[in-house]
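This report describes a ligand site, a metal site and a sheet, taking each in turn. Please read it alongside the sequence and the structure shown here.

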Amino acid sequence: MATTLLDGTDVTRRFGGVAALSHVDFHVHRGEILGVIGPNGSGKTTLLNVISGIFPLSGGTINFKGQRLNGLKPHVIGRMGIARTFQVVKPFGGLTVQENVAVGALFCQPERPRMGEALEKAEDALESVGLWHRRNAAPSELTTSDRKRLELARALATGAEMVLLDEVMAGLNHKEVDKTMDLIRQLHARGLTIVIIEHLMKTIMGLSDRIMVLHHGEKIADDVPQVVVNDETVIKAYLGERYTRARQSRVSEE
Ligand SMILES: Nc1ncnc2c1ncn2[C@@H]1O[C@H](COP(=O)(O)OP(=O)(O)OP(=O)(O)O)[C@@H](O)[C@H]1O
Ligand SMILES: [Mg+2]
């Protein structure tokens, strides 16, 4: 039977009058790739923010390996084994690519930070994302695709067993998307548990074992990809609009 690594019950986060997440129950199995989709503003990033401790919950509970995460600081949650990437990538401009990744490792070292060790971990992480040859570059010299890889490497350097990926493929071309999908599959094959937010259906369908759909902060579906894409509520709330748009742009290209 699958082991639950992360689970949330009644997860709620309000910003003033806006319920960014409303009574969401979710779980992630060890070794699973869980896709999270939903329209803009549906609460996807907020979900990652409450899991990783950036925002406290307004209600509900989240557990990782049976330990309550509520109220814990991001670095403590990081040390427990959860890393995440940010939708808007903001590397430290004054540091090299390798140093930026080392920050990820330092952030999650349980004892006194050791720079040498962190730089070594950064080297391994850069190698696994195919960015080792750019280790001495400044982040500003990287392409969008490489900057996304840097973000991924920073998460990997923490040594996490679960990574939360927030639109790591946004802004990439077809070839880069395919390369990143291969990379995610490799990381998964090495035992990483992955939660991935993406708007590209091809990516989500191709990678996910299961897909959870958010709409106005509520969970409206949670099932295997084939069931989710044929779900009436999901088509109405999200996919219908996207498919119509895709069809329209194909027609106008013809
Ligand atoms: N720090 C914040 N302060 C106030 N409101 C916020 C904050 N973060 C998110 N929200 C609101 O919460 C709702 C959910 O936002 P969230 O960023 O989680 O959506 P999302 O699904 O990630 O959208 P997108 O696909 O555009 O990235 C939105 O209404 C948003 O305006
Ligand atoms: Mg978002």
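## Polar contacts of ligand 1

In this predicted model, a polar backbone atom of G43 lies 3.1 Å from an oxygen atom of ligand 1. Two side chains also make contacts of this kind: an N or O atom in the side chain of T45 is 2.8 Å from an oxygen atom of the ligand, and an N or O atom in the side chain of H199 is 3.0 Å from an oxygen atom of ligand 1. Taken on its own, ligand 1 has 640 Å² of accessible area, and the protein covers 63% of that area.

## The shell around ligand 1

Two elements, strand 2 (18-29) and helix 1 (44-51), give two or more residues each to the shell around ligand 1. Helix 1 provides the largest share, which amounts to three residues. The shell comprises 15 residues, of which G41, K44, T45, T46 and Q87 come nearest to the ligand. By residue class, the shell holds eight polar residues, five nonpolar residues and two charged residues.

## The magnesium ion

Which protein atoms serve as donors to the magnesium ion, ligand 2? They are OG1 of T45 and OE1 of Q87, which lie 2.0 to 2.2 Å from the ion. T45 belongs to helix 1, whereas Q87 sits in the loop between strand 6 (82-84) and helix 3 (97-107), so the pair ties together parts of the chain that are 42 residues apart in sequence.

Are these two donor residues buried, exposed or partly exposed? T45 has a relative accessible area of 25%, and therefore counts as partly exposed, since the class of buried residues is limited to values under 20%. Q87, with a relative accessible area of 34%, is likewise partly exposed. T45 and Q87 also appear among the residues that come nearest to ligand 1, and the side chain of T45 thus takes part both in a contact with an oxygen atom of ligand 1 and in the donor set of the magnesium ion.

## The open sheet

Four strands form an open sheet in the order 2-1-4-5, with antiparallel pairing. Strand 2 and strand 5 are the edge strands, each of which pairs on one side only. Strand 2, one of these edges, is also one of the elements that give two or more residues to the shell around ligand 1.

Within the sheet, strand 1 (residues 4-15) and strand 4 (residues 59-64) run antiparallel and are joined by five bridges. Along this pairing, D7 stands opposite N63 of strand 4, and T9 has T61 of strand 4 as its bridge partner. Strand 4 also pairs with strand 5 (residues 67-68) in the antiparallel sense, over two bridges, and here N63 stands opposite R68 of strand 5. The hairpin of strand 4 and strand 5 has two residues between the strands, and in this hairpin K65 takes a positive phi near 50°.

## T12 in strand 1

T12 has its place in strand 1, and its relative accessibility of 4% means that T12 counts as buried. A polar atom of the T12 side chain lies 3.0 Å from the backbone nitrogen of H23.

Note on methods:
Residues are numbered from 1 along each chain as its sequence is written. Chains are lettered from A and ligands numbered from 1 in the order in which they are written. This is a predicted model: local features need pLDDT of at least 70, side-chain atom pairs count only at pLDDT 80 or more; totals for chains, interfaces and linings use all residues. Side-chain values use heavy atoms; hydrogens and water are left out. A residue is near a molecule or strand if one of its heavy atoms lies within 4 Å of it. A polar contact is a pair of N or O atoms within 3.5 Å; within protein, one must be able to donate a hydrogen and the other to accept it, and residues adjacent in sequence count only if both atoms are side-chain atoms. Accessible areas come from the Shrake-Rupley method with a 1.4 Å probe; for residues, only the protein chains shown count as cover. Ala, Val, Leu, Ile, Met, Phe, Trp, Tyr, Cys and Pro count as nonpolar, Asp, Glu, Lys and Arg as charged, and the others, Gly among them, as polar. Donors are N, O and S atoms within 2.8 Å of the metal (3.2 Å for Na, K and Ca); water is not among the atoms, so sites may look incomplete. Buried means under 20% relative accessible area, exposed over 50%, partly exposed in between (1.4 Å probe, protein chains only). Two strands pair if DSSP finds at least two bridges between them.
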